[in-house]
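Me: I've got this model open on my screen and want to talk through how it is put together. Can you take my questions in turn?

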Amino acid sequence: MHTSPAEELLDVVDERDEVVGRLPRGEVYARRLRHRCVLVLVRDAADRIFVHRRTASKLLFPSLYDMFVGGVVGAGESYDAAALREAEEELGVRGLPRPVPVLSFLYDDGPGGRGSWWSRVYEARCVLPVSPQAEEVAWHAFWTDAELERRLGGRTWVPDGLAAWRRLRAARG
């Protein structure tokens, strides 16, 4: 039996990223409870970044552009396991090298937003041909860093992905 995304169980965490409860994703989102998320920056063999537009059916940030693949960490799941699972699912590949963690931060969507979540940012190299998951990805391309930077102002980006991109760029100088 397949559960809907809203029914998927998530760990609810505190400001120190320690588990304080477990609830369905729909309830976590509705109550704006803190949870865990992974964001994976995927580069191809030519060092270009996988960029995509989320489908209109996504529970969070539908139809927005993103330079990361990823999603929520399931209840009892590790960040590392979620990063690999999410990257393989969204890219439509198997056998992806394990994503490498590069930074973590507590994202806060601000007043009137969707809440806050612990975000662990990863990087991965995908030399396999991608076949993005139709339920997750409406459009995709591989862009150079310069192309991505040029196009940041012309599209509406997933806010936590944009925050992670800026943190990653700042960390790299």
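Reply: Sure, one term to start with: two strands pair if DSSP finds at least two bridges between them. Also keep in mind that this is a predicted model.

Me: Good. Which residue is the bridge partner of Leu 106 in β8?

Reply: Start with the strands: β7 covers residues 100–108, and 8 bridges join β7 to β8. Those two strands run antiparallel. In β8, the residue bridged to Leu 106 is Trp 118.

Me: And which residue of β3 stands opposite Trp 118 in β8?

Reply: Here we look at β3 and β8, which covers residues 116–125. They pair in the parallel sense over 9 bridges. Further along, Leu 41 has Glu 123 as its bridge partner in β8. Opposite Trp 118 stands Arg 36.

Me: Is β8 largely enclosed or not, and how many of its residues are buried?

Reply: Buried means under 20% relative accessible area. β8 counts as largely enclosed by the rest of the structure because enough of its 10 residues are buried, namely 7.

Me: What about β6: which of its residues stands opposite Leu 39?

Reply: β3 also pairs with β6, this time in the antiparallel sense. That pairing runs over 4 bridges. Opposite Leu 39, in β6, you'll find Gly 70.

Me: How many of the residues of β3 are buried?

Reply: Go through β3 by direction. His 35, Cys 37, Leu 39, Leu 41 and Arg 43 point one way, Arg 36, Val 38, Val 40 and Val 42 point the other way, and all are buried. So the strand is mostly covered, and the count of buried residues is 9 of 9.

Me: Let's zoom in on His 35. Is it buried or exposed?

Reply: His 35 lies in β3, which covers residues 35–43. Setting aside residues up to four places away in sequence, it touches Leu 10, Asp 11, Val 13, Val 28, Tyr 29, Val 72, Ser 116, Trp 117 and Trp 118. Its relative accessibility is 2%, and the cut-off is under 20%, so His 35 counts as buried.

Me: Which residue has its backbone oxygen 3.0 Å from a polar atom of the side chain of His 35?

Reply: A polar contact is a pair of N or O atoms within 3.5 Å. On the His 35 side, the atom is a polar one of the side chain, and the distance is 3.0 Å. The backbone oxygen belongs to Leu 33.

Me: Now the hairpin of β1 and β2. Which residue there takes a positive phi near 65°?

Reply: β1 and β2 run antiparallel and are joined by 5 bridges, with Val 13 opposite Val 19 in β2. The hairpin has 5 residues between the strands. The residue with the positive phi is not a glycine; it is Asp 17.

Me: Which side chain makes a polar contact with the side chain of Asp 17?

Reply: Asp 17 sits in the loop between β1 and β2, and at 14% relative accessibility it counts as buried. Leaving aside neighbours within four places in sequence, Asp 17 is in contact with Arg 36, Tyr 79, Trp 118 and Arg 120. The polar contact, at 2.8 Å, is with the side chain of Tyr 79.

Me: Is Arg 32 buried, partly exposed or exposed?

Reply: Arg 32 lies in the loop between α1 and β3. It has a positive phi of about 55° although it is not a glycine. Its relative accessibility is 36%, and partly exposed covers values between 20% and 50%, so Arg 32 counts as partly exposed.

Me: Last one: what is the volume of the largest pocket?

Reply: The largest pocket is lined by 34 residues, and Pro 5, Arg 25, Lys 58, Glu 86 and Glu 136 lie nearest its centre. Elements that give two or more residues to this lining are α1, β3, β4, β6 and α2. By class, the lining has 13 nonpolar, 9 polar and 12 charged residues. The volume of the largest pocket is about 740 Å³.

Terms used
Residues are numbered from 1 along each chain as its sequence is written. This is a predicted model: local features need pLDDT of at least 70, side-chain atom pairs count only at pLDDT 80 or more; totals for chains, interfaces and linings use all residues. Side-chain values use heavy atoms; hydrogens and water are left out. Buried means under 20% relative accessible area, exposed over 50%, partly exposed in between (1.4 Å probe, protein chains only). A polar contact is a pair of N or O atoms within 3.5 Å; within protein, one must be able to donate a hydrogen and the other to accept it, and residues adjacent in sequence count only if both atoms are side-chain atoms. Contact means heavy atoms within 4.5 Å. On a 1 Å grid over the protein atoms alone, a cavity is a set of points where a 1.4 Å probe fits but cannot get out, and a pocket is an open set with protein on both sides within 12 Å along at least five of seven lines; lining residues have an atom within 4 Å of a point. Grid points are joined across faces, edges and corners, and a volume is the space filled by probe spheres set on the points. Ala, Val, Leu, Ile, Met, Phe, Trp, Tyr, Cys and Pro count as nonpolar, Asp, Glu, Lys and Arg as charged, and the others, Gly among them, as polar.
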